[in-house]
Amino acid sequence: MAEKVTKMLLKVHDLECSKCYKKVKKILCQFPEIQDQVYDEKKNTVMIKVVCCNPEKIRDKICCKGRGTIKSIEILKPAEKPTPNPEEKPPTAPEVKIEDKTTTVVKFF
C-alpha cells in the first residue's frame, strides 16, 4: 500500500496551560507516523502532518489518548493543484527570421 501524507488540525482545550501542553506533546510523540507539529497557543490548535496509509486510525488513537485535552481532530483536504489545459498554449516569443548568410562572394581583380 502506498503511504499518503495527511494534514490534521487538533483543537485543544487550553494550550497556554502547561499541563495540557505537555500532555498533547507527550501523546503526539508516541506516534512515529506524526512528522511535523506546529503549535498555535493563541488559537489553541496544533497542526500535524501524518504519513501513513490509514490516517483515520491514527486520528482515533489520538482521540482516545487525549480524552480531556483534545476537543476535536479535523482532517484537512489537500489543496488541489490547477491542471493546465491542453488547449491553452504558453506564450511564446515572436518568430524572428534569420537570413541565410552562408553564401560567399568571391571577387576577381
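**A note on helix 1 and its surroundings**

1. Let me start with the outward side of helix 1: K19, K22, K26 and C29 are exposed there, where exposed means over 50% relative accessible area, buried under 20%, and partly exposed in between (1.4 Å probe, protein chains only). On the other side, the buried residues are C20, V24, I27 and L28. Viewed down the axis, these buried residues fall within an arc of 95°, so they line one face of the helix; the arc is that of the directions from the helix axis to the C-beta atoms. An α-helix has 3.6 residues a turn, so residues three or four places apart point the same way.

2. A word on the source: this is a predicted model, in which local features need pLDDT of at least 70, side-chain atom pairs count only at pLDDT 80 or more, and totals for chains, interfaces and linings use all residues. Residues are numbered from 1 along each chain as its sequence is written, and side-chain values use heavy atoms, with hydrogens and water left out.

3. Helix 1 covers residues 18–29, which is 12 residues, and spans 16 Å from its first C-alpha to its last, close to the 16 Å expected at 1.5 Å a residue (the expected span is 1.5 Å times one less than the number of residues). The cover over its buried residues includes strand 1 (4–12), strand 2, strand 3, helix 2 (55–65) and strand 4 (70–76).

4. As for the overall layout, the protein chain has 2 helices and 4 strands, running β-α-β-β-α-β from the N terminus on. Helices (H or I, at least four residues) and strands (E, at least two) are DSSP runs, numbered from the N terminus. Of the 109 residues, 25% count as buried. Among contacts (heavy atoms within 4.5 Å) with a separation of 6 or more, 67% join residues 24 or more positions apart.

5. You may like to look at the charged pairs: the whole structure holds 2 salt bridges, each defined as a side-chain nitrogen of Lys or Arg within 4 Å of a carboxyl oxygen of Asp or Glu. One of them pairs D36 with K49, with the closest N and O atoms 3.5 Å apart. D36 lies in strand 2 (residues 34–40) and K49 in strand 3 (residues 45–52), so this pair ties together parts 13 residues apart in sequence. D36 is partly exposed at 38% relative accessibility, and K49 is partly exposed at 22%.

6. D60 and R59 also meet in a salt bridge, at 3.5 Å from N to O. Here D60 is partly exposed, with a relative accessible area of 40%, and R59 is partly exposed at 27%.
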